[in-house]
Amino acid sequence: MKSLKVQRDYAAAQKSFDKADYYDVLGIINRLLDVDRDPRHYALLGATLVKLRMKTEAAQAFQLAGEQEGRHQIKYLREAMRLHFANNDDISLLRIGAKILNEALDDPDMAMLMSGALMRQEMDGMEAFQKTLAESDNAEHRRFSVRSVRLATRTEAEHKMIIDTFEKDPEDKIVRNYYLTIMRDINNYEVTDKFDPILQDEIEVKRDITPFLDEISLYNIRWCTNEAVNSVAGAARVKIPAGIKDKRRTMPHKWGEKIRIGYLSADLWTDHAVMKAFRGVLEAHDRSKFDITLFCNAAEKSLTDSNSAIRENWGRIVSIRGMTDDEAVEAVKEANIDVLVDLQGHTADTRVPIMNQQTAPVHATWLGYPGTVVNIDIDYLIADRTVVPESSFKHYHEKICWMPETFFPNDAIHRPLPRPIDRSVCRMPQDAFIFSSFHTHWKISRTTLDLWIRILKQTPGSYLFLICKETFGSRKNLLKGFTNAGIASERILFGDRTVDYAAYLDRIALTDLGLDTYPYNGHTTTSEKLWAGLPMLAFKGVNFASRVSESLLNAVGLPDMVCETPDEYVERAVHYFKHRDELKLVRDRLEKNRFTEPLFDADRFCRHLENGYEMMVERAKAKLKPEHFSVPALPPREGPFSDRGGF
């Protein structure tokens, strides 16, 4: 039984709280805690500290309240977890959750907090809470259950959970976006055909883009060609601090004789598509003018199993994989980086949010993400006039650094040249005309499928070679799309990804004509087709992701393979099927251009890129705000840039 004095003091503290006399509360509670560490006293202290906006101390007070035995123990610990989450103190939150794991597994509020903390810390374990969240009557809990799924590596159970969560409330547009993402990923055209008109109506008629503010931006550009929507997709997922741009650009900075470039990425290992493009440029940097540091967020398994280079030859390596954002920011500051270059945008394992702190006087983004990076403090997007024409500037959060020939680098040093092999090795018909697309299967949109069906119907006896996983029925769905349109299943040749990169390039060269995808073009895959000597067709797009192949074809001296319209794309494919002598001339021209045109000239690209960095730094030193600019082109080469072409 509490003494009368303790009871009276506690009642007085409650009265002061009700009257908003919060400092009086603190005085009374501090005296009370000297004599009685009742959990209610800690809880009232915590509530008072919240009112005084002292949330860190409030979280600690509620945690102390919850550490005492009592009937409100879980309630207090839940509040401590909520405050720790608001304070970005994920470690303290997770420590509490680990002690009351059974309760957290059954409580949707705590499950959501635990999942959120694990997500922010890039830790495993979120799947343990998904069922609790998905079965909750609270819509926000259900949304978080699907948000917690790493879509690219989702399990069968997670795939089904997303479907079940959508079917529970099909009017929830946030959950709908995740559902449609996985349906596009598995080429379920029946579902996308139903919903695409609904999405277009929301965008074009109702002018309502709010459902897409929570959509993962990378998945938005896979289907949506509206640049205004692309520019805000995912805006609800990350916030940019007010005034951060001006604070960063005016912060003190010590410049050196060399320009210090920092590359920020999780993809810094040789087998990744980004490094297949970027490696030659990275190794070509002029070390007398530039210091290079790689801020690497790659998983250890990628570095041990999928890397064949001595990465220290690329620059100084700073691993930020296990660092918090604050620690990663300090690592960038410690290196005194002049230009921090994000190579990922909003893609898997990105650390781009650290750019929302004051890391370097110049921030740029490039290569790994074909679009604007919403709600991140970035000065420049490195692009070219094809992928980001001046008419698109209004849809970009960054100023554009226009590269003179293409924004996309390539490597002619480490890529093997295709070897002549027999089609039988890849189970391809010997004398048939084979169209091909080696792009990832999710790029085969309904638009792409319909164009390919038109081509196949007008080219009897031809085949189409595709790469498609069996995962979640993708290959079955894709084949169904063709057969429902009257294309015989035996005309569709399916292949799997091959670990042997040389064999992969050999297989590309066996086919006759490459067909690009829309609206998400090939990037590295387009480059690999052209490197393998495979002529390919694309048509003009309307946003960054749909203009990439045009940029690459221009840079390899084949602008005539870029069609003005989808109809022309079909007509040209049929024309080359009927006029194979003309197609051979294109292939011969491509073979020659491979070592004379800019696309695979890594050294030339690097000089242009370095010039761009120098122009960015010059403006920053002069205290000028970023502005759109063009990097001037070097004089054309008078001969081949490499002797690998047999010149």
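These notebook entries record what I looked up in a predicted model.

**Entry 1: a pocket**

I began with the second largest pocket, whose volume is about 430 Å³. I noted that 22 residues line this pocket. Asp196, Trp223, Ser445, Thr447 and Pro519 are the ones that lie nearest its centre. I then asked which helices each supply at least two residues of the lining. They are α12 (173-185), α13 (189-205) and α20 (446-457). The largest share, six residues, comes from α13. By character, I recorded nine nonpolar, eight polar and five charged residues in the lining of the second largest pocket.

**Entry 2: a six-stranded sheet**

I next traced an open sheet of six strands, in the order β10-β9-β8-β11-β12-β13, with parallel pairing. Its edge strands are β10 (492-495) and β13 (562-563), each of which pairs on one side only. I looked at one end of this sheet and found two bridges joining β12 (residues 536-539) to β13. Phenylalanine 539 stands opposite cysteine 563 in β13. I also recorded that helix α24 (residues 548-555) packs on the sheet and touches β12 and β13. The direction of α24 makes about 130 degrees with that of β12.

As a reminder to myself, strands of a sheet pair through backbone hydrogen bonds, either parallel or antiparallel.

**Entry 3: strand β5 and its partners**

I turned to strand β5 (residues 362-365) and asked whether its faces are covered or open. Both faces are covered. Val362 and Ala364 are buried on one side, and His363 and Thr365 are buried on the other. This fits the general pattern that, in a regular strand, the side chains alternate between the two faces of the sheet.

I then listed the pairings. β4 (residues 339-342) and β5 pair in the parallel sense over four bridges, and leucine 340 stands opposite histidine 363 in β5. β5 also pairs with β6 (residues 380-384) in the parallel sense, over two bridges. Tyrosine 380 in β6 is the bridge partner of alanine 364.

**Entry 4: isoleucine 487**

I ended with one residue, isoleucine 487, which lies in the loop between α21 (474-483) and β10. Is isoleucine 487 buried or exposed? It counts as buried because its relative accessibility is 3%, and buried means under 20%. Leaving aside residues up to four places away in sequence, I found that isoleucine 487 touches Ile453, Leu456, Lys457, Phe482 and Ile492. I also looked up its distance to valine 586: the two are 99 residues apart in sequence and 28 Å apart in space, C-alpha to C-alpha.

Methods. Residues are numbered from 1 along each chain as its sequence is written. This is a predicted model: local features need pLDDT of at least 70, side-chain atom pairs count only at pLDDT 80 or more; totals for chains, interfaces and linings use all residues. Side-chain values use heavy atoms; hydrogens and water are left out. On a 1 Å grid over the protein atoms alone, a cavity is a set of points where a 1.4 Å probe fits but cannot get out, and a pocket is an open set with protein on both sides within 12 Å along at least five of seven lines; lining residues have an atom within 4 Å of a point. Grid points are joined across faces, edges and corners, and a volume is the space filled by probe spheres set on the points. Ala, Val, Leu, Ile, Met, Phe, Trp, Tyr, Cys and Pro count as nonpolar, Asp, Glu, Lys and Arg as charged, and the others, Gly among them, as polar. Two strands pair if DSSP finds at least two bridges between them. Contact means heavy atoms within 4.5 Å. Axes are lines fitted to C-alpha atoms, for helices over the stretch in contact, and angles run from 0 to 180 degrees between N-to-C directions. Buried means under 20% relative accessible area, exposed over 50%, partly exposed in between (1.4 Å probe, protein chains only).
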